[in-house]
Amino acid sequence: MKRMGMIFRAKANKALDRAEDPRETLDYSYQKQLELLQKVRRGVADVATSRKRLELQLNQLQQQSGKLEDQGRKALALGREDLAREALSRRAALQQQVTDLETQHATLQGEEEKLTLAAQRLQAKVDAFRTKKETIKATYTAAQAQTRIGEAFSGISEEMGDVGLAIQRAEDKTAQLQARAGAIDELLASGALDDQSGMAKDDIQAELDRLSGGSDVELELQRMKAELAGGSPQQAIEGGTGQGQAQQPQDTPRFDKQ
């Protein structure tokens, strides 16, 4: 079972490696970084909103504190010390709330500054990654194109390999057909095969053609001899013809012209 699991994982890893495109992986990583940067920015905005809300509450408490202080002064001026004491007591309670809110405001302001700095650093990293990503993608695309061109020129690519095999098969079939046609012509010329079209010559006609060709050679030879001897080519031919006729039997019947 361990061996089967290892084989399965190895094959799955090989299939994933073959299907993986580094450019798509880089784009996906860049998208995840943008999402993270967006979350950090949203966090900065939330902290800033909370800080602004505390500032509004502080302003309201400070206004109320100032109002109670004025009321205490007026009561004391009118001889109502009890009212003045009550106003000052309420102002002291509000002042405690103001102190607490100021502490929270300072804390939120510090967190906002940290998140803002983190967002700026993350933005710089994302920009640097984007530049590097585009550089790697361009380099990968160029290397891929160069590899395909090299494979095409060398004929080791799958497409060019199929074309090369097709050309080789066509050349082999052409050579086979040429050899077959030549063999058939030789067999027809030697008479080993019958010409079904009726255009082939029988053996008698072939012998007559051979003799006729020989006679033409003899006539040409006589003409050349006469030219070398200084005679007329026509006399040499007629002389050769007369010698041929002298050898005919004497009893050959003659036909007189009417």
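Rings of Phe, Tyr and Trp are taken to pair if their centres lie within 6.5 Å. By that rule, this predicted model comes out with 1 aromatic pair. The partners are Y30 and F129, stacked at 6.4 Å centre to centre with 15° between the planes. They come from distant parts of the chain, with Y30 sitting in helix α2 and F129 in helix α3, 99 residues apart. Y30 counts as buried, because its relative accessibility of 14% falls under the 20% cut-off. F129, at 21%, counts as partly exposed. Y30 also has a charged neighbour: K133 lies over the face of its ring, 5.0 Å from the ring centre.

Turning to the nonpolar interior, the largest core holds 7 residues, namely L54, L58, L61, L68, L94, V98 and L101. Two elements, α2 (22-77) and α3 (81-154), each give two or more residues to this core, and α2 supplies the largest share with 4. Once neighbours within four places in sequence are set aside, L101 touches L54, Q57, L58 and L61. There is also a second, separate core of 6 residues, with L37, V40, A119 and V126 among them.

A polar residue of helix α2, S65, is worth a look too. S65 is buried, with just 5% relative accessibility. Leaving aside residues within four places in sequence, its contacts are R91, L94 and Q95; of these, L94 is also listed in the largest core.

What about charges? Side chains of opposite charge can pair when their charged atoms come close. The structure holds 14 salt bridges. One of them joins E55 to R51 at 2.8 Å, N to O; these two are separated by about one helical turn, because they are 4 residues apart in helix α2. E55 itself is partly exposed, at 22% relative accessible area.

E69 makes a similar link within its helix, meeting R73 in a salt bridge of 3.0 Å, N to O. Again the partners are 4 residues apart in helix α2, so about one helical turn separates them. E69 is partly exposed at 25% relative accessibility, whereas R73, at 56%, is exposed. E69 also forms a salt bridge with R91, at 3.5 Å, N to O. Here E69 lies in helix α2 and R91 in helix α3, so the bridge ties together parts that are 22 residues apart in sequence. R91 is partly exposed, with a relative accessible area of 27%, and it is also one of the contacts of S65.

Finally, salt bridges that share partners join D27, K133, E134 and K137 into one network. K133 thus turns up twice, in this network and over the face of Y30.

Conventions: Residues numbered from 1 in each chain as written. Predicted model: local features only at pLDDT ≥ 70, side-chain atom pairs only at ≥ 80, totals over all residues. Heavy atoms only, no water. Core = buried A, V, L, I, M, F, W, Y, C linked by side-chain atoms within 4.5 Å. Buried < 20%, exposed > 50% of the residue type's maximum accessible area, 1.4 Å probe, protein only. Contact = heavy atoms within 4.5 Å. Phe/Tyr/Trp six-rings, centres within 6.5 Å; stacked < 30°, edge-to-face > 60°. Lys NZ or Arg CZ within 6 Å of the ring centre and 35° of its normal. Salt bridge = Lys/Arg side-chain N within 4 Å of Asp/Glu carboxyl O.
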